[in-house]
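Let us walk through this structure step by step. Keep the sequence and the 3D view side by side as you read.

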Amino acid sequence: MAIDYYERIPNNVGLADNRALQRALEQWQPRFLDWWREMGPSSFRGAEVYLRTATTADDDGWANYRHVAMPEYRWGIFLADPVPDRRIGFGDALGEPVWQQVPGEHRSSLRRLVVTQGDTEPASVEQQRRLGNTCPSLYDLRNLFQVNVEEGRHLWAMVYLLHAYFGRDGREEAEELLTRHSGDGDKPRILGTFNEPITDWLSFFMFTYFTDRDGRFQLKSLAESAFDPLSRSCRFMLAEEAFHMFVGASGITRVIRRTLQVMKELATDDPAAVRNAGAIDLPTLQRYVNFWFSSSVDLFGAEISSNAASYFATGIKGRPDEARFPDHLGAGRLQVDFPDGKGGVIPEEVPMRSAMNEVSRAAYVKDCEIGVQRWNRLIREAGHDFRLALPSLRFRRSVGAWAGIHTDPQGKPISPEEWRARRYDWLPSDQDRSFVGSLMQRVTEPGKFAGWIASPDGGINNLGPAYEYVRLN
Ligand code: BYC
C-alpha cells in the first residue's frame, strides 16, 4: 500500500478522510518536534544523514535512501496491509473475527499495553542522545541516527493508536509519552531498562542486541493481537526492527574482531595488555553482556503473571510466532524454577497461561544464544579458550520470583556478602566503564574507524564502509 508523502503527516491510514483525527495529530506533531530537538540527538543538527525511508508498507518498500537533515525526516503513520478475514489465533476467542475497534471491556488493558510499548520508543532515543559526540565512524553515526528516527516513528505508531481508538484518555496518554523521560527522578520511563544510561557505544551495541531484541519479541506478541490496528502497526514496526538487530549483532562482532586482532598482534590474551593497546578485553565484554542481558530479561515481566494469562485468554496479546505452537489454547503446564526461600531452587509446575511471560522469555533467550555462538566461533577460530556466555535467568533480576535474590551468573544462590565481594567480577565496575568511556573518541573521516572496533564487511545499500554516510555541514 503506497504511503502519501504529500500530507503533512505521511500516512497510509487515510488520515485526510478523518479531519478530527488529522487535526489532533497535527497538534501533537509540533510537540513531538520540540521533544526531538530537546531530547533527541544532541549533536550533528545540521548534518545530512543517509537515511532509509519507507515508501510502501509491503516488503519491497524499503529501497528509498537519501541524505536528509534529521529534523526534516518524514515521521509518519504506517500500518502493514490488512490480512483478509483475519481471525483471532489463540485464547478463549480462538477463530472469531479480529476487532477493528477496541471492545469496551478490554479498553484499559489495551491502552496500558500501547502506552508501555510507546513509552520505550522515545526512551531509547533519550538514552542514546549523546552518542553521536563519540561516534567511531560516519558509518556507525548513520546507523545510530537510522535507529533513532525509526524509534521516533514507532512512537508515532503508538500515538496514532492512542488518538484514533482511545478518545480523550488516549490523547492524554500521548502527551504523557513526551513528558516522562529516561532516568528522570520524578517522571521516569515505565520499564527499568529504559532508565539505564547509555553513555558509550559498547552499551549501545549491547542495547541494540539485547534490548531491541526484547522489542522484537514483544512486537511479535502484539502482532498476534485480536485488536487488528495494533497487530498491523506492530507488523510494520517489525520490518524496521530487523535493522536494529543487525546494528547490535554486527557491532558486537566488530568489537570482538578488533580485540582478537590486537590479541594476535600482541600474542597475548592478557586483559591489561589488550586495554593498553586500546581494545576492549573479552572479560569486560562478558560483564557488559551480563549487565544488558539481565536487565533485558526483566522486560518480559514476572514468571507467573495474571496480566499475561488474561491477555492470552482474551486475545489481547499472544505468544511470539503463535502459529508455531501446536495448541492455541495455552493448555497444559510449564515447569518453572523458583527460589525455595532457603538459598536453594525449587521447580514447580504452573498453568501455561500464567507462564506466558516465561514462554516468550525462553524464545528470546534462544534467539540471543545465536549471536553468542557466532562470537564464540570467532574466538575459537582465533585459537583462544575464552567463551562468552549468557548468564542464568536468575542472575541480577529486579522483576519476578528472583528479584532481589543474589545468585552467581550460573544461577547458584549466594549470600549477600559473597555478592558484594564478587559483583564486579560479573558486572561492569566504575573502572570498566571509565576505561570503555576513555576509548570513545569521535572519528568522522569517511572510511576511518576508531581503534577499538573493526570496520564492517560492507556498507549500507551496497555502498562501501568508506562512503560519506553523514555530510557534516
Ligand atoms: N520494569 O504481571 P507482570 C521495545 C511491571 S522493548 C519495570 O509480570 P506483565 C524497544 C509490570 O508492568 C518492548 N516494571 O507484568 C526496545 C507490572 O506492573 P503493575 C516494549 C516492570 O504485565 C529497544 C508488574 O511489574 N514493549 O520495544 O505480565 C528500543 C508485574 O509484572 C517490568 C512491551 O513491553 C520492568 N522491566 O508484563 C526501543 C510490550 N516488567 O501491574 C523499543 C507491552 C514488568 O504491578 N508491555 N513490570 O503496575 C507488556 O506486554 C507488559 O507490560 C510487560 C510486563 C511484558 C512489560
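Start with a cysteine. The sulfur of Cys 368 has its closest cysteine sulfur in Cys 234, 19 Å away, and that is too far for a bond. Keep in mind that this is a predicted model. What would such a bond be? A disulfide is a covalent bond between the sulfur atoms of two cysteines. To count as one here, the two sulfur atoms must lie within 2.5 Å. The gap of 19 Å rules out a disulfide for Cys 368, because Cys 234 holds the closest cysteine sulfur. How many disulfides does a search of the whole structure find? The search finds zero.

Is Cys 368 buried or exposed? Cys 368 is buried, with a relative accessible area of 0%. Cys 135 is buried too, at 0% relative accessibility. Both values fall under the 20% cut-off, so both residues count as buried.

Next, turn to the open spaces. The largest pocket holds about 920 Å³ of space. It is lined by 45 residues, and the closest to its centre are Thr 116, Leu 191, Gln 218, Leu 299 and Phe 300. Five elements are named for giving two or more residues to this lining: α2 (107-127), α5 (201-223), α8 (282-298), α9 (306-314) and α10 (356-381). Which of them gives the most? That is α5, with ten residues. Sorted by class, the lining of the largest pocket has 16 nonpolar, 19 polar and ten charged residues.

The second largest pocket holds about 310 Å³ of space. Among its lining residues are Arg 216, Phe 217 and Lys 220, along with Pro 320, Asp 321, Arg 324 and Phe 325. Here α5 and α10 are the elements that give two or more residues. The largest share comes from α10, with five residues. What is the class make-up of this lining? Six residues are nonpolar, six are charged, and no residue is polar.

Go back to helix α2 for a moment. Ser 108 is placed in this helix. Ser 108 has a relative accessible area of 45%, so it counts as partly exposed. Now compare sequence and space. Ser 108 and Ala 273 are 165 residues apart in sequence, and their C-alpha atoms are 56 Å apart in space.

Now look at the rings. The structure holds 37 aromatic pairs. One of them joins Phe 207 and Trp 292, which meet edge-to-face, with 5.9 Å centre to centre and 90 degrees between the planes. Phe 207 belongs to helix α5 and Trp 292 to helix α8, so the pair ties together parts that are 85 residues apart in sequence. Both Phe 207 and Trp 292 are buried. Elsewhere, rings gather in a group. Trp 28, Phe 32, Trp 35, Trp 36, Tyr 73, Trp 75 and Trp 156 form one aromatic cluster.

Finish with charges over rings. Arg 319 has its charged end over the ring of Phe 325, at 4.0 Å from the ring centre. Phe 325 also appears in the lining of the second largest pocket. Where does Arg 433 lie? Arg 433 lies over the face of Phe 291, 4.9 Å from the ring centre.

How values were computed
Residues are numbered from 1 along each chain as its sequence is written. This is a predicted model: local features need pLDDT of at least 70, side-chain atom pairs count only at pLDDT 80 or more; totals for chains, interfaces and linings use all residues. Side-chain values use heavy atoms; hydrogens and water are left out. On a 1 Å grid over the protein atoms alone, a cavity is a set of points where a 1.4 Å probe fits but cannot get out, and a pocket is an open set with protein on both sides within 12 Å along at least five of seven lines; lining residues have an atom within 4 Å of a point. Grid points are joined across faces, edges and corners, and a volume is the space filled by probe spheres set on the points. Helices (H or I, at least four residues) and strands (E, at least two) are DSSP runs, numbered from the N terminus. Ala, Val, Leu, Ile, Met, Phe, Trp, Tyr, Cys and Pro count as nonpolar, Asp, Glu, Lys and Arg as charged, and the others, Gly among them, as polar. Buried means under 20% relative accessible area, exposed over 50%, partly exposed in between (1.4 Å probe, protein chains only). Rings of Phe, Tyr and Trp (its six-membered ring) pair if their centres lie within 6.5 Å; planes under 30 degrees apart count as stacked, over 60 as edge-to-face and the rest as tilted. A charge sits over a ring if NZ of Lys or CZ of Arg is within 6 Å of the ring centre and within 35 degrees of the ring normal.
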